[in-house]
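Work through the exercises below with the sequence and the model open. Try each task before reading its solution.

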Amino acid sequence: MDQDLVASLLTSAFEQSSTAQWLCDSQGRILKSNQTMMDWLATDTSHLSNTSLSSWLPDVHPDHLQQMHDRTVRILTLLLADHTISVKATFQPITTSSERNFWISLLPATDIREPAHPMQTLFDSSQDGITYSLLDGTIQLANNAYLTMTGYTQSELSQLTFNEMTPPGWEDIDSEIAHQVEERGYSDVFEKELLHRDGTIIPVSTRATAVRDRDGGISGSWVIVIIRDIRAYKRVLNALEHSQNMLEQTNRMARVGGWEYNAQNRQFTLTDESLRILAIPRTFNTSLTNIQKLFSEDSQNQLFKQIGHTLEGGLASDLEIPLDGFEPPRWLRITAQPAIDTQGVTYVVGAVQDITEFKNRQQSLEQDRDEFQRMAFHDSLTQLPNRLLLEDRFRQLNFQANRCNGRVAVIVIDLDDFKDINDRHGHPAGDALLRAIASRLTQTVRQSDTVARLGGDEFIILAALEDADAASLVASKVHEQLQKPIDWDGAELYCSCSLGIALYPDQGDDFSTLYQASDLAMYKAKTTGKNRMEVSGQ
């Protein structure tokens, strides 16, 4: 390749890199700095020219440079205008026939953006703003998305904190984010506002997390903050809210009754639809006292507290209460807002809607949701967890065992000669036996253990244990309980069982592997005499 072209490509990579970089000679004199470096140090080319590395990295001297080989990495102290920070410096010697120079890259010591690291691509190309800052909110480095979002340059941001970029009224959110990061290492997602360089207010969602080392511990005081511009989301949300308001107003005009309350004569005026909804005749005296009688004491308090707030505070209100005297209950939605007549008298106008059908459907949907959820995760015959829920419980016990260096036992139980009971007594007897076995297993193990049925006459127990020996004790206790007969329709049903045991992490790291190991152990118990237990690997 043409040497001039190579030089051109290297120069382009140097200038356009998002990593702060220097080029220096063998004596440590700085020959060239890229724009990222100048932005970071808040200086210019004239100030950097002919200065030495030791002016910025006091631990680096010319004799040290001679010891640097390909991609030597050092953790060093960088001197800035008013403070110092720890940086990760990568030294790359560049040797020609006549001289030896060094290409030096700097990153914050806890920065994940190492050269050629895949996370650098994420940092640089993310559409969300990403910053590296200290716990005090000082911004050390930001990606291009954040710079575009806020209108600041890298050097300008280095002089600011997040608090200075937060409009008044959002200080509590910033404080809560900092508190959560200090307390647990990460924050929830919060919505707040951010100030653009030109003063424009930007709605954003933000989340912060402390930088962690390879062992998962919090490393120093560095924080990664991810900021998403949600202006487009807010516009869509406002448009949806506007459409919803229009729809609600249209529904009120078409299908709901209207009412008006005059505080001076304490009298209601009702439309015909309101009279029908309230189940009162046209001749009904609509005084405040008589309207109160249509509701229970608790509903009266809610309704007239609402009207009082609307009159005194001038605020619209919305209330859902039952109408008294109906079984099943008739539910009403009552809305109210203040109004002023031509005489300057304040009164309350509103709408009343029968929402009984909606309430019934809501209750039915909630019941259906609960039932569908139960059916999705439980066996229909025994009501025990099924495989889906069992695998979720295993992941929880797996996590617990890893934290305390414990074990998780997977015990497969298969009933011996269950088919004979079905053949002799019929399927109702078999179903009754399975339900009784399920109940007995649940009562035998601890509340923290999980008993599940995978189908047929096969059950599984998951138990978190301190050591491997405890698994055999649990299995022995279960085996003993299942030897007892079960009463059914005046007859005693006997059904022995074979058990197989596998342990996490001894026989596997995942549920499928452990289930297979315990199932093989159970099969061994069944083929070597039945009514016994086998431990996998023994």
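The exercises go from the whole chain to helix faces, helix pairs and single residues.

The model is predicted, so local features need pLDDT of at least 70 and side-chain atom pairs count only at pLDDT 80 or more, while totals for chains, interfaces and linings use all residues. Residues are numbered from 1 along each chain as its sequence is written, and side-chain values use heavy atoms, with hydrogens and water left out.

**Exercise 1. The whole chain**

Task: State how many helices and strands the protein chain has, and what percentage of its residues is buried.

Solution. Begin with the elements: the protein chain has 19 helices and 22 strands. Helices (H or I, at least four residues) and strands (E, at least two) are DSSP runs, numbered from the N terminus. Next take burial: of the 538 residues, 43% are buried. Buried means under 20% relative accessible area, exposed over 50%, and partly exposed in between, with a 1.4 Å probe and protein chains only. Last, look at contacts (heavy atoms within 4.5 Å). Among those between residues at least 6 apart in sequence, 49% join residues at least 24 apart.

**Exercise 2. The faces of α9**

Task: Determine where the buried residues of α9 lie around its axis.

Solution. First, fix the helix: α9 covers residues 171-184, and its 14 residues reach 20 Å from the first C-alpha to the last. This is close to the 20 Å expected at 1.5 Å a residue; the expected span is 1.5 Å times one less than the number of residues.

Second, list the buried residues of α9: I173, D174, I177, Q180 and V181. Seen down the axis, they fall within an arc of 130°, so they line one face of the helix. The arc is that of the directions from the helix axis to the C-beta atoms. An α-helix has 3.6 residues a turn, so residues three or four places apart point the same way.

Third, check the other side of α9, where D172, E182 and E183 are exposed. Finally, see what follows the helix: G185, with a positive phi near 95°.

**Exercise 3. The faces of α16**

Task: Repeat the analysis for α16 and name the elements that its buried residues pack against.

Solution. Helix α16 spans residues 418-425, and F418, I421 and N422 are its buried residues. These cover an arc of only 100° around the axis, which puts them on the same side of α16. They pack against β16 (407-415), α17 and β20 (491-493). Turned away from that buried side are the exposed residues K419, D423 and R424. After α16 comes G426, whose phi is positive, near 95°.

**Exercise 4. Two helix pairs**

Task: Classify the packing of α17 with α18 and of α15 with α19.

Solution. Take α17 (residues 427-444) and α18 (residues 469-481): they pack at an angle of about 140°, with their axes 10 Å apart. That makes α17 oblique to α18. Axes are lines fitted to C-alpha atoms, for helices over the stretch in contact, and angles run from 0 to 180 degrees between N-to-C directions. Angles under 35 degrees count as roughly parallel, over 145 as roughly antiparallel, 65 to 115 as roughly perpendicular and the rest as oblique. In this pair, R440, L441 and T444 of α17 meet K477, V478 and Q481 of α18.

Now take α15 (residues 387-404) and α19 (residues 511-527), which pack at about 110° with axes 11 Å apart. α15 and α19 are therefore roughly perpendicular to each other. From α15, R387, L390, E391 and F394 meet F511, S512, L514 and Y515 of α19.

**Exercise 5. Single residues**

Task: Say whether K359 is buried or exposed, then find where the cis peptide bonds at P328 and P505 are placed.

Solution. K359 lies in helix α14 (residues 356-377). Its relative accessibility is 18%, so K359 counts as buried. Leaving out residues up to four places away in sequence, K359 touches E320 and W331.

For the first cis bond, E327 is joined to P328 with omega about 0°, and P328 sits in the loop between β13 (317-323) and β14 (330-340). For the second, the bond from Y504 to P505 has omega near 5°, and P505 is in the loop between β21 (497-504) and α19.
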